[in-house]
Amino acid sequence: MRMTTPEPRPRPELRASHEDREAVAERLRDAAAEGRIDIDELEERLEVALTAKTFGELAPLTADLPEPPAPEPGPPLVLKGGLHGAERVGRWEVPAKIVARGGLGGVKIDFTRVSCPWPEVEVEIYGEMAGVTVVVPEGWTVDTTGMDPGIGGLKDKTRPVTRLPGSPLIRLTGSGGMAGAVVRHPNVWERRKLRDNPTA
């Protein structure tokens, strides 16, 4: 069994996003519901959390609270290209492991709008006859060292970056087969769709 990589702690000077602030606020609300902090303290901390500009301002608000329990990994998501292809796009919950078999129609896995609770996600790829395409957001890290490129090869078009705080590591395993696999960032059309339909 492969050990997961600990989620990196963000540097205190880094700017926090709306999502980062809301995540801290949610932890504070949960702590109040559990009786760990009282209502007055909740209100004080929420006021700081929702106006914080950096991770350094957010960190002390939950420093005295226990870490939330890690989710239990369920069964892997299996995508089979078959004759007509298969895809997982839009908003979806990412499991700890995904198995993608390209078949004759191909498989596309798009992580750009997902919810992912895992510090590491294994994507086991079998390119077969039509191949597998994996799309990851800018700033996500991909490890392809555990994958056999096969006859079709493996094209890693992602740009090497320092892993962003809170982003998962996508670890590719399996084999490219006849058609191979491609891992990339969103293309021009996909970026336009993300910009024009941010809630889709």
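This briefing describes a helix pair, a loop residue, a parallel sheet and a strand residue in a predicted model. Local features require pLDDT of at least 70 and side-chain atom pairs count only at pLDDT 80 or more, while totals for chains, interfaces and linings use all residues. Residues are numbered from 1 along each chain as its sequence is written, and side-chain values use heavy atoms, with hydrogens and water left out.

**Helix pair α1 and α2**

- Helix α1 (residues 18–33) packs with helix α2 (residues 39–51) at an angle of about 170 degrees, and their axes are 8 Å apart. Axes are lines fitted to C-alpha atoms, for helices over the stretch in contact, and angles run from 0 to 180 degrees between N-to-C directions. Helices (H or I, at least four residues) and strands (E, at least two) are DSSP runs numbered from the N terminus.
- The angle makes α1 roughly antiparallel to α2 (over 145 degrees; under 35 is roughly parallel, 65 to 115 roughly perpendicular and the rest oblique).
- Contact (heavy atoms within 4.5 Å) involves Arg 21, Glu 22, Val 24, Ala 25, Leu 28, Arg 29 and Ala 32 of α1. From α2 come Leu 42, Arg 45, Leu 46, Ala 49, Leu 50 and Thr 51.
- The residues of this contact of α1 with α2 comprise 8 nonpolar, 1 polar and 4 charged (Ala, Val, Leu, Ile, Met, Phe, Trp, Tyr, Cys and Pro are nonpolar; Asp, Glu, Lys and Arg are charged; the others, Gly among them, are polar).

**Loop residue Thr 54**

- Thr 54 lies in the loop between α2 and α3 (55–62) and is buried, with a relative accessible area of 18%. Buried means under 20% relative accessible area, exposed over 50%, and partly exposed in between (1.4 Å probe, protein chains only).
- Beyond its neighbours within four places in sequence, Thr 54 contacts Pro 12, Glu 13, Leu 14, Arg 15 and Ala 16. A polar atom of the Thr 54 side chain lies 3.5 Å from the backbone oxygen of Pro 12.

**Parallel sheet**

- Five strands form an open sheet in the order β2-β4-β6-β10-β8, with parallel pairing (two strands pair if DSSP finds at least two bridges between them).
- β2 (86–88) and β8 (154–156) each have a single partner strand, so one side of each lacks a neighbour in the sheet.
- The twist averages 5 degrees from one strand to the next.
- β2 pairs with β4 (residues 107–110) over 3 bridges, and Ala 86 has Val 107 as its bridge partner in β4.

**Strand residue Val 132**

- Val 132 belongs to strand β6 (residues 132–135) and is buried, at 1% relative accessibility.
- Not counting residues up to four places away in sequence, Val 132 touches residues including Val 107, Ile 125 and Val 182.

Conventions. A polar contact is a pair of N or O atoms within 3.5 Å; within protein, one must be able to donate a hydrogen and the other to accept it, and residues adjacent in sequence count only if both atoms are side-chain atoms.
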